[in-house]
Amino acid sequence: MIPVARTQRWAAQRRNRPWLVGSAAVVGSMAAVAVVMVYTASASEPRQSASYADPVLGGGPGCEPTRNDQLVRGNGTGSTTSGPDVILAFQYAYYVARSGSDARAVTTTDASVPSAEVIGAGIKSVPAGTQHCVMITPMADGRFDVVITEIRPDAAVRTYRQFVTVTTGPGVVSIAKIAPPT
């Protein structure tokens, strides 16, 4: 015969078991959610050295600004202080300022690039309001591999690739050649 006290204790333990199992499941679920939230937060932190406030590099949704030795990405105003910056300046003149003469102004006078008028005609073929993002990768031979992504107002996306050669003059970097990939 089983003593009554032991039977009562065993019955009490059985009644508490679902509560214990349920509590363990809730705690485990909450821990899993916490791990996912921490991972997601750390994975979504910016990993580039530039910020959206950098007018030279630009950036924004779909064109996160990046600047390191292997890649420059942006859509900012650019400048004439480096190869990637002068490429950004050319594309900014094309897509934002929509000026063939501004684009040609960041090239050498004898550059293997179309005239300001021809560039202007190309600009007119692109709908106003087209957004762009430029990805610039240095190549071993000193040129830059440039990929331009257009997002047109009708949501059509087009991508163009070109190899750009730059030259450094006194205090200024200019584009000397824009060519299709070879």
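I count two residues as in contact when heavy atoms of theirs lie within 4.5 Å. I am working from a predicted model, so I keep that in mind throughout.

**Entry: Gly-78**

I started with the loop that runs between strand S2 (72-74) and helix H2 (83-97), where Gly-78 sits. Is Gly-78 buried or exposed? I found a relative accessible area of 12% for Gly-78, so I noted this glycine as buried. I then listed its contacts, leaving aside neighbours within four places in sequence: Pro-55, Val-56, Asp-85, Leu-88 and Ala-89. Three of these partners, Asp-85, Leu-88 and Ala-89, appear among the buried residues of H2. I also looked up Leu-57, which is 21 residues from Gly-78 along the chain, and found their C-alpha atoms separated by 6.2 Å.

**Entry: helix H2**

Next I followed the loop into H2. At the N-terminal end I found Ser-82 as the cap, with a side-chain oxygen 3.2 Å from the backbone nitrogen of Asp-85. I checked the length: at 1.5 Å a residue, 15 residues should span 21 Å, and the end C-alpha atoms are 20 Å apart, which agrees. Where does H2 bend? I located a bend of about 25° at Gln-91. Just after the helix, I noted that Arg-98 takes a positive phi of about 55°.

How many of the 15 residues of H2 are buried? I counted twelve, so the helix is largely enclosed by the rest of the structure. Among them are Gly-83, Pro-84, Val-86, Tyr-94 and Tyr-95.

**Entry: the nonpolar core**

From the helix I moved to the largest nonpolar core, which has 25 residues. Ile-87, Phe-90, Ile-119, Val-134, Ile-136 and Val-146 have the most contacts inside this core. I asked which elements each supply at least two residues of it, and found H2, helix H4 (116-124), strand S4 (131-138), S5 and strand S7 (172-179). H2 gives the most, with eight residues. I reminded myself that in soluble globular proteins nonpolar side chains tend to be buried together.

I picked Val-146 for a second look. Not counting residues up to four places away in sequence, Val-146 touches Ile-87, Val-134, Met-135, Ile-136, Tyr-160, Arg-161, Gln-162 and Val-164.

**Entry: salt bridges**

How many salt bridges does the structure hold? I found four, and I looked up three of them in detail. As a general point, side chains of opposite charge can pair when their charged atoms come close.

The side chains of Asp-145 and Arg-161 meet at 2.7 Å, N to O. Asp-145 lies in strand S5 (residues 144-151) and Arg-161 in strand S6 (residues 157-169), so I read the pair as tying together parts that are 16 residues apart in sequence. Asp-145 counts as buried at 16% relative accessibility, while Arg-161 is partly exposed at 44%. I had already met Arg-161 on the list of residues that Val-146 touches.

Asp-141 bridges to Arg-143, with the closest N and O atoms 2.8 Å apart. I noted Asp-141 as partly exposed, with a relative accessible area of 49%. What is the relative accessible area of Arg-143? At 21%, Arg-143 is also partly exposed, because the cut-off for buried is under 20%.

The side chains of Glu-150 and Arg-152 meet at 2.9 Å, N to O. I found both Glu-150 and Arg-152 buried.

Terms used
Residues numbered from 1 in each chain as written. Predicted model: local features only at pLDDT ≥ 70, side-chain atom pairs only at ≥ 80, totals over all residues. Heavy atoms only, no water. Helix = DSSP H or I, 4+ residues; strand = E, 2+ residues; numbered from the N terminus. Buried < 20%, exposed > 50% of the residue type's maximum accessible area, 1.4 Å probe, protein only. Expected span 1.5 Å × (residues − 1). Bend = angle between axes of the 7 residues up to and from the residue. Polar contact = N/O pair within 3.5 Å; in protein donor to acceptor, adjacent residues only side chain to side chain. Core = buried A, V, L, I, M, F, W, Y, C linked by side-chain atoms within 4.5 Å.
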